[in-house]
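Good morning, and thank you for coming. Please look at the structure on the screen while I go through its internal spaces and then some of its helix contacts.

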Amino acid sequence: MTQTSPTGTTGRHTAPLPPSARQAGAAPWRALTVVLVGAFMAVLDTFIVLVAAPAIQADLHSSPADVQLILAGYQLTYALALITGARLGDRYGRKRLFLTGMALFTLASVGCALAPGSGTLIAARLVQGLGAAGMFPQVFAVIQVLIPEAERPKAFGALGAVIGIATMSGQLVGGLLIAADLFGSSWRPVFWVNVPVGVVTLLLAGRFVPESRAPRARRLDLPGAVVLTVALSLLVVPLVEGRAYGWPLWAWLGLAASVPAFAVFGLVERRVGARGGAPLVRLRLFGERPFAVGMTLVVLTYAGINSFFLILSLTLQDGLGLDALGAGLVYTPLAVAFFAASLIAGRLARFGRRVLQLGALLGGVGFLGTLLLAARAGAALTAWELAPALVLVGAGNGLLVTPLLNAVLGNVGPEEVGMASGVLSTGQQIGGAVGVAVVGILYYGALGGAAHHAIGAYGQALAAAVALNVALSAAISALLPLLPDLAAARRA
């Protein structure tokens, strides 16, 4: 089996594009566009099902625990398998793993749409998460492999825009599909919509995406994969499920046990490396400042993004009484600002770290504006009063997320890009889960026993919880000077 290697430069590493990739990848942006569809679908399915939950519960007579697993099962398997999916792409081919993941995701979507009961739907959602974990890390690797270094910021800008739009359009798309009630199928179109998109993407990827593998890729580190899965399960399952079950003892015990489990994972990986093997995660990468600081910033950024979406959605629907479609429309200014800023950020790469600093500042001002408005308006709070602050939040995160992704991977060598992509994707998921868990405690603690549509109480809860987002923005701004400025280094 011929092994191929990435193109262009990644910080201090240089590797030419292999002949197979040159022949198949004459149009790298076309290949990137195809895999970005996979990224959009993977992210969208985290959020679109939130809107469908009430309809699913009514139709399938699901228990609250079933509904929680339908919502969270996808996120759990997705988060747990990302690093393994990235490593499999390094060894067996990123195109092959993307195609396998997309096929699994599409077939699982059929299973979801046809599910006769809650158990079947939960199982299909778990498989869907595995499919997403197979294809999503390959998108980062494709950018590093196919896109020349000078154009990579634009590529990450496109990826950031896709992630943002998928995140923010989930409620709107889901609301539209459920409101349409196509052929009397209620919630099922939120899964059926994946099928034609998946089939077309498979055909296009098979034709336009070139194959690549990591140089000197070795067999998968199975002991490391097993220990990492256990450690991530002990961390992620309580974070995702704990709030829904009132933070029982098992959730706290799981979180505590994750610490020694990650320590054991570190020991396993060191032993694998000492024997000359290929560890699942090369721990020395965390000793490199750009990656370590960048990953910290990724976790903080996604903790802020996901937590804000949760409390905003709860306030709009449970507090202000909007339906899913109405709440989705309120997200539109934020989504448009995020999309535009993500694309602009790719063109501002020459300004380096200053773009991230501007993004953190704009986002922080937007969060602070939301806090002050919600606290002051009380029972007179309306959804569209929040629009100016939401535009700032969207623009700020668009300027922050896009160059941050590039900064984290920009100094990673070709032999480690797949692994680093998996770690980055896992960091996004863990950051989001931590943010949701913490903000849920703050939000529901401030809300107390307030009845639905008690606007004043929900506004005060929003103000109390969004203080976390303000604090996270301040922490990001404080850490950004520690992130090496790749643009300045290239100019020097």
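The lining of the largest cavity is made up of seven nonpolar and nine polar residues, with no charged residue among them. I should say at once that this is a predicted model. The volume of this largest cavity is about 100 Å³. Its lining comprises 16 residues, and those nearest the centre are Phe367, Asn397, Leu400, Ser473 and Ile476. Two or more lining residues come from each of α11 (289-319), α14 (353-377), α15 (387-409) and α17 (455-479). Which element supplies the largest share of that lining? Helix α14 does, with five residues. In total, the structure holds four cavities of 30 Å³ or more.

I turn now to the second largest cavity, which encloses about 50 Å³. Its lining consists of Ile163, Gly164, Thr167, Met168, Tyr302, Ile305, Asn306, Phe309, Phe338 and Val401. Helices α6 and α11 are the elements that contribute two or more residues here. By class, this lining has seven nonpolar and three polar residues, and no charged ones.

Those two helices also pack against each other. How, then, are two packed helices described? One gives the angle between their axes and the distance between the axes. For α6 and α11, the angle is about 20 degrees and the axes lie 11 Å apart. An angle under 35 degrees counts as roughly parallel, and α6 is therefore roughly parallel to α11. Their crossing is right-handed. On the α6 side, the contact is formed by Ile163, Thr167, Met168 and Gln171, and on the α11 side by Tyr302, Phe309, Ser313 and Gln317. These contact residues divide into four nonpolar and four polar, with no charged residue. I would draw your attention to Ile163, Thr167, Met168, Tyr302 and Phe309, which take part in this contact and also line the second largest cavity.

Two further residues of that cavity lining, Phe338 and Val401, bring us to another helix pair. Phe338 belongs to α13 and Val401 to α15, and both are among the residues through which these two helices meet. The axes of α13 (residues 332-347) and α15 come within 7 Å and cross at roughly 30 degrees. The crossing of α13 past α15 is right-handed. From α13, the contact includes Pro333, Leu334, Ala337, Ala341 and Ala345, and from α15 it includes Leu390, Val393, Gly394, Asn397 and Gly398. Thirteen is the figure to note here: the contact has 13 nonpolar residues, six polar and no charged. Asn397, which you will recall from the centre of the largest cavity's lining, is thus also a contact residue of α15.

Let us move from cavities to pockets. The largest pocket holds about 1,500 Å³ of space. It is lined by 48 residues, and Leu50, Leu71, Arg243, Leu310 and Leu314 are the ones nearest its centre. Seven elements are named as giving two or more residues to this lining: α2 (28-60), α3, α6 (152-180), α9 (222-241), α11, α12 (324-330) and α16 (417-447). The lining contains 31 nonpolar residues, 14 polar and three charged.

The second largest pocket has a volume of about 380 Å³. Among its 17 lining residues, Leu232, Phe262, Phe286, Val423 and Ile430 are closest to the centre. Helices α9, α10 (249-274), α11 and α16 each give two or more residues to it. Are charged residues present or absent in this lining? They are absent: the classes are 14 nonpolar, three polar and no charged.

Finally, I return to α3, one of the elements lining the largest pocket, and its neighbour in contact, α4. The axes of α3 (residues 64-92) and α4 (residues 94-114) come within 8 Å and cross at roughly 150 degrees. Angles over 145 degrees count as roughly antiparallel, and so α3 is roughly antiparallel to α4. Helix α3 passes α4 in a right-handed crossing. The residues that meet are Tyr74, Gly85, Leu88, Gly89, Asp90 and Tyr92 of α3, and Arg94, Arg96, Leu97 and Phe105 of α4. By class they are five nonpolar, two polar and three charged. Charged residues therefore do occur in this contact, while the contact of α6 with α11 has none, and neither has that of α13 with α15.

Definitions and conventions:
Residues are numbered from 1 along each chain as its sequence is written. This is a predicted model: local features need pLDDT of at least 70, side-chain atom pairs count only at pLDDT 80 or more; totals for chains, interfaces and linings use all residues. Side-chain values use heavy atoms; hydrogens and water are left out. Axes are lines fitted to C-alpha atoms, for helices over the stretch in contact, and angles run from 0 to 180 degrees between N-to-C directions. Helices (H or I, at least four residues) and strands (E, at least two) are DSSP runs, numbered from the N terminus. Angles under 35 degrees count as roughly parallel, over 145 as roughly antiparallel, 65 to 115 as roughly perpendicular and the rest as oblique. A crossing is left-handed if the near helix is turned anticlockwise from the far one by less than a right angle, and right-handed if clockwise. Contact means heavy atoms within 4.5 Å. Ala, Val, Leu, Ile, Met, Phe, Trp, Tyr, Cys and Pro count as nonpolar, Asp, Glu, Lys and Arg as charged, and the others, Gly among them, as polar. On a 1 Å grid over the protein atoms alone, a cavity is a set of points where a 1.4 Å probe fits but cannot get out, and a pocket is an open set with protein on both sides within 12 Å along at least five of seven lines; lining residues have an atom within 4 Å of a point. Grid points are joined across faces, edges and corners, and a volume is the space filled by probe spheres set on the points.
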